Structure formats: C-alpha cells, structure tokens
Amino acid sequence: MASIVLFTTMSFAVDMHYCGDSLVDFSLFHNVKTCGMENQQPQKSCEKGFSEKPCCSDTQITIDGHNELKSSFNNLTFEQQAFVVTFFYTYINLFEGLDENIIPFKDYTPPYLIRDVQELNETYLI
C-alpha cells in the first residue's frame, strides 16, 4: 500500500534532446547532454541561404503526481450512502451470537460398528 501511495504522489519529468529527427540523449532526473550543434554559428552563405532555425530541439514530458490525498466524505450520493449502510448492517450482524448453543445431532445415537472399516479397507491415517 505504501508503494502505491509513493508512486501516485511522485511526479517526474523526462527530458529529451533531438538533433534533427534522431534522439541524442534522454534523462529522467538531470538535464540532458546536448550534442553541441546549437553553439555553432549558422551558415550565412549565398548558396545555402539563411538558416535561422536550429536543427536541435529539446522536449520535456512532465507527469505530475497527486497533491491532495485526503478525500472528502461530505457529499455522498444515494448509492454511496446505501452501500455504507448495507456494509455496516451486514458487518455488525456477523458478530451477533446465538442465545443458546444448538447441537443438531444430540437426539441421534451413533451407528453401531460391527467391524473396523479402516482395517477392512487397509486405510490408515498416519
């Protein structure tokens, strides 16, 4: 139960660094290492044109955990109220004792054994 609470309240982030369309590095807890292409000066030649858009990109996926674990029972629907009432009613009735100890077979005598059945069938309890 403690591990379920731990994983549902824990939030984490996945950082990824792409160089073009290929994934270069990803990290769960630290910043990603870059490939160094973003530090280069863009080519400004007449043949290739001006490229202002860098080829590298960083993406981050974050998963937030639950901040509030305390649930409120102030507003219960009719179905929830019916469930709680029937649960408590059946649970309390489990522990009601009988007024007297009833033995259903006290008026019957045990059968008369002529031979030992275990010895006839050669079945012995060990």
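Here a trainee and a mentor go through the terms used for a predicted model.

Trainee: What kind of model is this, and what rules apply to it?
Mentor: It is a predicted model, where local features need pLDDT of at least 70, side-chain atom pairs count only at pLDDT 80 or more, and totals for chains, interfaces and linings use all residues. Residues are numbered from 1 along each chain as its sequence is written, and side-chain values use heavy atoms, with hydrogens and water left out.

Trainee: What is the mean pLDDT of the protein?
Mentor: pLDDT is the predictor's confidence in each residue, from 0 to 100. The mean is 78, and 79% of the residues reach 70 or more.

Trainee: Which element has the lowest mean pLDDT, and which the highest?
Mentor: Strand β4 (residues 49–50) has the lowest, 48. Helix α2 (residues 78–93) has the highest, 90. Where pLDDT is low, the predicted coordinates should not be read in detail.

Trainee: How many helices and strands are there, and what makes a run count as one?
Mentor: Both are DSSP runs: H or I over at least four residues for a helix, E over at least two for a strand, numbered from the N terminus. The protein has three helices and five strands. Their order from the N terminus is α-β-β-β-β-β-α-α.

Trainee: Why are β1 and β2 called paired?
Mentor: Two strands pair if DSSP finds at least two bridges between them. Strand β1 (residues 12–19) and strand β2 (residues 22–27) have five bridges, so they pair; they run antiparallel. H17 has D25 as its bridge partner, and M16 stands opposite F26. The two strands form a hairpin with two residues between them. In that turn, G20 has a positive phi of about 75 degrees.

Trainee: How many bridges join β1 to β5?
Mentor: Eight, and these strands also run antiparallel. One of the partner pairs is D15 with Q60 in β5.

Trainee: Why does S27 count as buried?
Mentor: Buried means under 20% relative accessible area, exposed over 50%, and partly exposed in between (1.4 Å probe, protein chains only). S27, in strand β2, is at 11%, so S27 is buried. Contact means heavy atoms within 4.5 Å. Leaving aside residues up to four places away in sequence, S27 touches A13, V14, D15 and V32.

Trainee: Why is S22 put in another class, and where does I63 fall?
Mentor: S22 is at 42% relative accessibility, so S22 counts as partly exposed. I63, in strand β5, is at 43%, so I63 counts as partly exposed.

Trainee: What makes I63 part of a nonpolar patch?
Mentor: Patch residues have over 30% relative accessible area and no salt bridge (a side-chain nitrogen of Lys or Arg within 4 Å of a carboxyl oxygen of Asp or Glu). Nonpolar side chains (Val, Leu, Ile, Met, Phe, Trp, Tyr) are joined within 5 Å, like charges within 9 Å. I63 forms this patch with L6, F7, M10, F12, L28, F29 and I61. Together they have about 830 Å² of accessible area, by the Shrake-Rupley method with a 1.4 Å probe, where for residues only the protein chains shown count as cover. α1 (2–9) and β5 (56–63) are the elements that give two or more residues.

Trainee: Why is E122 called exposed?
Mentor: E122 is at 61% relative accessibility, so E122 counts as exposed. E122 sits in the segment after α3 (117–121). Phi of E122 is positive, near 50 degrees. Most residues other than glycine have a negative phi.
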